[in-house]
Amino acid sequence: MRLDAYCAQAWPEHSRSSWQKLIEQGNVTVNGEVITSPKHEVRENDSVDALEVKAPDFSGQTLPVIFEDENVIVINKPVGVLTHAKGALNEEFTVAEFFRAKTSYNTETNRPGIIHRLDRDTSGILIGAKNSETARLLSKQFQDRKAKKTYVAIVDGEPKEPKALLDLPIGRNPKAPSTFRVDPNGKSAETTYELIKSSRNRSMIKLMPRTGRTHQLRVHMAYLNTPIRGDRVYGKSAKRLFLHAWKLEITIPDSKRITFTAPLPVEFEQELEA
């Protein structure tokens, strides 16, 4: 049996992919010898041991807080920060780790406080729940499409119509399974967009998704031949992905309907005029 498969079977609290990383980092021994190849073949009488994996200490790290009370916390997520770790092994600072000390919701997982997510390369508004009751209230609004999200993007070119509703189903691209495309047999995906202004064959667009499909805004904009600047998958690379979660309108406990706003990063205006 491969060493990574053996470890995942022996210690299922970490996934096989996590064990691959741990093995490569020198955390596993076979017959007393450190083995760094996940492909190493474990034989029947081999003795396999794993060093204690200590979770990194993120207590000194922080994120920009826009609003906080006893039930919710709202941040302006910077570009490059993950919403939550992808597996049980958490190797980097995430929004979830920032929420961990502030919430009692899902603290036994790698997603404490998390209700919705933003891609690593997207900046802007992200709301977290501090308790299970608030988590249910917020989650239902996202599920029922009552949480209204507004994004701002810089795109290449200018859409033919200054304002439109895009009702374009999205499905996984079989030729590149980690990506998506407009597909008549895909899942329903609706986005309203509105042109804010254009300059030098670039446009600033306001995007209001009615659904929440993976890569929805990026796929829809690329389909119009106006890909989002910095989209390395559906467009061209730039210094960042110019997609920002600008506003979130949602009801928080005590029945207060409120709109949170994350200021547009200064580089958006600079990129439009560049």
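In this predicted model, helix 1 spans residues 3-10 and contributes Leu3, Asp4, Ala5, Cys7 and Ala8 as buried positions. The spacing of such positions is easy to follow on a helix: an α-helix has 3.6 residues a turn, so residues three or four places apart point the same way. The cover over the buried residues of helix 1 includes helix 2 (16-24), together with strand 1 and strand 3.

Those two strands lead on to a small piece of sheet architecture. Three strands make up an open sheet in the order 2-1-3, and their pairing is antiparallel. Strand 2 (33-34) and strand 3 (48-50) take the edge positions; each has a single partner strand, so one side of each has no neighbour in the sheet. Two bridges join strand 1 (residues 28-30) to strand 2 in the antiparallel sense. Within this pairing, Thr29 has Val34 of strand 2 as its bridge partner.

Attention now turns to the nonpolar interior. In soluble globular proteins, nonpolar side chains tend to be buried together. Here, the largest nonpolar core counts 27 residues, and Ile75, Val95, Phe99, Leu207 and Leu243 have the most contacts inside it. Two or more residues each are supplied by strand 5 (72-77), helix 3 (95-100), strand 7 (148-156), strand 12 (202-209), helix 5 and strand 13. Helix 3 gives the largest share, with four residues. Val95 offers a good view of the surroundings: beyond its neighbours within four places in sequence, Val95 is in contact with Leu63, Ile75, Lys77, Val81, Leu82, Thr83, Ile114 and Leu126. Another core, of 16 residues, lies apart from the largest one and includes Val72, Ile115, Ile127 and Ile250.

Aromatic side chains add further detail, with four aromatic pairs found in the structure. One of them joins Phe98 and Phe99 in a tilted arrangement, with 6.3 Å from centre to centre and 40 degrees between the planes. Both Phe98 and Phe99 are buried. A second example is the edge-to-face pair of Phe242 and Phe268, where the centres are 5.2 Å apart and the planes make an angle of 65 degrees. This pair links distant parts of the chain, 26 residues apart: Phe242 belongs to the loop between helix 5 (216-223) and strand 13 (243-252), whereas Phe268 belongs to helix 6 (residues 266-273). Phe242 has a relative accessible area of 0% and is therefore buried. Phe268 likewise counts as buried, because its relative accessibility is 0%.

The ring of Phe242 also has a charged companion, as the charged end of Arg240 sits over it at 5.7 Å from the ring centre. A further case of this kind involves Lys247, which lies over the face of Trp246, 4.4 Å from the ring centre.

Finally, a loop residue merits a closer look. Thr179 is placed in the loop between strand 9 (170-172) and strand 10 (180-182). Thr179 is nonetheless buried, because its relative accessible area is 12%, which falls under the 20% cut-off. The Thr179 side chain reaches the backbone oxygen of Ala176 at a distance of 2.8 Å. With neighbours within four places in sequence left aside, the contacts of Thr179 are Arg172, Asn173, Val233 and Tyr234.

How values were computed
Residues numbered from 1 in each chain as written. Predicted model: local features only at pLDDT ≥ 70, side-chain atom pairs only at ≥ 80, totals over all residues. Heavy atoms only, no water. Phe/Tyr/Trp six-rings, centres within 6.5 Å; stacked < 30°, edge-to-face > 60°. Buried < 20%, exposed > 50% of the residue type's maximum accessible area, 1.4 Å probe, protein only. Lys NZ or Arg CZ within 6 Å of the ring centre and 35° of its normal. Polar contact = N/O pair within 3.5 Å; in protein donor to acceptor, adjacent residues only side chain to side chain. Contact = heavy atoms within 4.5 Å. Pairing = 2+ DSSP bridges. Core = buried A, V, L, I, M, F, W, Y, C linked by side-chain atoms within 4.5 Å.
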